[in-house]
Amino acid sequence: MKRKMTVLMACLFCLAAATPVAAQEEENKQDNIDWTEDTTEVKTIKDIIEEQQKVTLLNAAERHYADVWGRRSYMNVGYSTSELKPDGVADITGKLPTFKSSWGVMYQYGRNYRLHKKPIANAIQFNIDYTGVDLNVNHYDEEGNGTFYNSSIEYIPKDGKEADKFYHYTPWRMEKYEASFCMWLGPSVTFAPFNGASSRGIHYLKFNVYYHFGYQFSALFMKFNDDKDVNKNGSTNVYKNYFEDVDDALTADWAHGMTTSFGVNLSWKAIGIGYEHRSSKLKYKSFATSVFSGDKFEFDSSINRIYLQYRM
């Protein structure tokens, strides 16, 4: 019995000794907690997930609008109608009429260069356009059915300095092909008015308006028709082989100079449609100056073009 009491007293002593230690540890834990701390700023797992979702949505929106405003290179293929209005130019039958094309085709390739990094209000973008390649071919029918060309008639150059030499009139009224090459530079404005719509597909619908300045090289090829030359059997006067001179010569004139154009187009993603008007004043000069003289003949040129556009 005495032994049991001894063991019990020892256990009670150990328990009494451990109680202050546990109490001290609990007090230390309570001292480590800052009860004045604002716990509302502590991020939870839910907060982190929501922020990540916002970042993901923002990145997706930026990629979407980058795609909407991308495709800055363009290729246009279309149909053209044109007019060549002579300015005081005449041939042996009198003043020339305005020549109107029967058909025409065109090709352009260029690029938009942005004037600011991001579109204004995500709806307006100002650009400088450079069109490095602009090719156009127009066809003109023969003017005046049955009108003949007299290759034996002498043309006196406008300056009169070479009046002692024989020249031929240019056969302007014959069937003609006009080929031109041009390069353009100028401002444009692109509008994307539906970028606030809930449907993302309509965000790609854009309008573009432009005004360009260019430099043009043009050649006018006249298809000489032997049957329309009243002098094809030759002449008995002092000038020999009139018909042979014209028949062997290159019946073509060339011109170059400044030109302007304005146009509009509507595009959705990579596909678009547009209209353009081009105007210029050209002074044509013959390639065969020894046959048709070196005079320049002025024409007002205007071209209307409707085209399909592919953007890249």
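Is Asp300 buried, partly exposed or exposed, and what is its relative accessible area? Asp300 is partly exposed, at a relative accessible area of 29%. The points below concern a predicted model and take up its salt bridges, two buried serines, two residues with positive phi and a charged surface patch.

1. Asp300 and Lys281. These two residues form a salt bridge in which the closest N and O atoms are 2.4 Å apart. Asp300 belongs to strand E10 (residues 296–311) and Lys281 to strand E9 (residues 271–286), so the bridge ties together parts of the chain that are 19 residues apart in sequence. Lys281, like its partner, falls in the partly exposed class, with a relative accessible area of 45%; the value for Asp300 is 29%.

2. Glu298 and Lys283. A salt bridge also joins the side chains of Glu298 and Lys283, with an N to O distance of 3.9 Å. The pair again links strand E10, which holds Glu298, with strand E9, which holds Lys283, and the two residues are 15 apart in sequence. Here the partners fall into separate classes: Glu298 is buried because its relative accessibility of 18% is under the 20% cut-off, whereas Lys283, at 47%, is partly exposed.

3. Lys223 and Glu175. The side chains of this pair meet in a salt bridge at 3.9 Å, N to O. Since Lys223 lies in strand E7 (residues 205–223) and Glu175 in strand E6, the contact ties together parts that are 48 residues apart in sequence. Lys223 is exposed, with a relative accessibility of 51%. The class of Lys223 rests on the cut-off, because exposed means over 50%. Glu175 is partly exposed, at 22%.

4. Salt bridges as a set. The structure contains 9 salt bridges. Beyond the pairs described above, a network of salt bridges links Asp134, Glu276, Arg278 and Arg305. A reader inspecting the model may wish to display these four side chains together.

5. Ser188 and Asp129. Ser188 is located in strand E6 (residues 175–191). What is the relative accessible area of Ser188? The value is 2%, and Ser188 is therefore classed as buried. The side chain of Ser188 makes a polar contact of 3.0 Å with the side chain of Asp129. Strand E6 thus holds both Ser188 and the salt-bridged Glu175.

6. Ser80 and Asn136. Ser80 is part of strand E1, which spans residues 73–86. Its relative accessibility is 0%, which places Ser80 in the buried class. The side chains of Ser80 and Asn136 are joined by a polar contact of 3.4 Å.

7. Asn122. Where does Asn122 lie? Asn122 is in the loop between strand E4 (99–114) and strand E5 (124–140). The phi angle of Asn122 is near 55°, a positive value in a residue other than glycine. Most residues other than glycine have a negative phi. Asn122 is partly exposed, with a relative accessibility of 22%. Asn122 and Tyr65 are 57 residues apart in sequence, while their C-alpha atoms are 8.2 Å apart in space.

8. Arg71. A positive phi also occurs at Arg71, which is not glycine and has a value near 55°. Arg71 sits in the loop between helix H2 (45–68) and strand E1 (73–86). With a relative accessible area of 26%, Arg71 is partly exposed.

9. Negative patch. Which residues form the negative surface patch? The patch consists of Asp226, Asp245, Asp247 and Asp248. Of these, Asp247 is placed in helix H3 (residues 242–248). Asp247 is partly exposed, at a relative accessible area of 35%. That value allows Asp247 to be a patch member on grounds of exposure, because patches are made of residues with over 30% relative accessible area.

Note on methods: Residues numbered from 1 in each chain as written. Predicted model: local features only at pLDDT ≥ 70, side-chain atom pairs only at ≥ 80, totals over all residues. Heavy atoms only, no water. Patch = residues over 30% accessible without salt bridge, like charges linked within 9 Å, V, L, I, M, F, W, Y side chains within 5 Å. Areas by Shrake-Rupley, 256 points an atom, 1.4 Å probe, with all protein chains shown as cover. Lys, Arg positive; Asp, Glu negative; His and termini not counted. Charge placed at Lys NZ, Arg CZ, Asp CG, Glu CD. Helix = DSSP H or I, 4+ residues; strand = E, 2+ residues; numbered from the N terminus. Buried < 20%, exposed > 50% of the residue type's maximum accessible area, 1.4 Å probe, protein only. Polar contact = N/O pair within 3.5 Å; in protein donor to acceptor, adjacent residues only side chain to side chain.
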